[in-house]
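Subject: A structure for you to explore

Hi there,

Here is the structure I promised to pass on to you. Have a look at it first, and then read on for my notes.

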Amino acid sequence: MERLRKEKMRSKCRYTRTKNKLTMVMEGGLLSRMQVLESLGVFSGVYKDMLRVCENLGKYYKDMKDSGNFSALSNELEAIEEDFTAL
């Protein structure tokens, strides 16, 4: 379980760093449209990786019947999904 939690933490950090870089680049107008689209592709990949990691952790919580952590993870994923679609 500890391995899954650490993997989730790392993937969420990667997601946040990538999102922040993309936001700064888009706001600064420093890249061409093609470069922004490429950056969005990278961001999308990081997002999908984070979802995969959270899915694995959610399965673990479900198997362990840990409804508190499962619910917290579900709420966190909903907030991240809203954040992702807002870009």
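Below is what was found, going from the whole chain down to one small patch.

Please keep in mind that this is a predicted model.

Let's start with the overall fold. The chain has three helices and zero strands, so if you follow the sequence from start to end, the pattern reads α-α-α. Measuring along the principal axes, the C-alpha atoms fill a box of roughly 50 × 20 × 15 Å. Now look at which residues touch each other: among contacts between residues at least 6 apart in sequence, 75% join residues that are at least 24 apart.

Next, the inside and the outside. The chain has 87 residues, and 24% of them count as buried. About 6100 Å² of the chain is exposed, with carbon and sulfur atoms supplying 55% of that area.

What about charges? The chain carries 16 positive and 13 negative charges, and the mean positions of these two groups are 5 Å apart.

Finally, here is a spot to find on the surface. Which residues form a nonpolar patch there? They are Met26, Leu37 and Leu40, which together have about 240 Å² of accessible area. One of them, Leu40, sits in helix H2, which covers residues 33-63. Is Leu40 buried, exposed or partly exposed? Leu40 counts as partly exposed because its relative accessibility is 31%, and that class lies between the cut-offs of 20% for buried and 50% for exposed.

Enjoy exploring, and do write back with any questions!

Best wishes

How values were computed:
Residues are numbered from 1 along each chain as its sequence is written. This is a predicted model: local features need pLDDT of at least 70, side-chain atom pairs count only at pLDDT 80 or more; totals for chains, interfaces and linings use all residues. Side-chain values use heavy atoms; hydrogens and water are left out. Patches are made of residues with over 30% relative accessible area and no salt bridge: like charges are joined within 9 Å, nonpolar side chains (Val, Leu, Ile, Met, Phe, Trp, Tyr) within 5 Å. Accessible areas come from the Shrake-Rupley method with a 1.4 Å probe; for residues, only the protein chains shown count as cover. A salt bridge is a side-chain nitrogen of Lys or Arg within 4 Å of a carboxyl oxygen of Asp or Glu. Helices (H or I, at least four residues) and strands (E, at least two) are DSSP runs, numbered from the N terminus. Buried means under 20% relative accessible area, exposed over 50%, partly exposed in between (1.4 Å probe, protein chains only). Contact means heavy atoms within 4.5 Å. Lys and Arg count as positive and Asp and Glu as negative; His and the chain ends are not counted. The place of a charge is taken as NZ of Lys, CZ of Arg, CG of Asp or CD of Glu.
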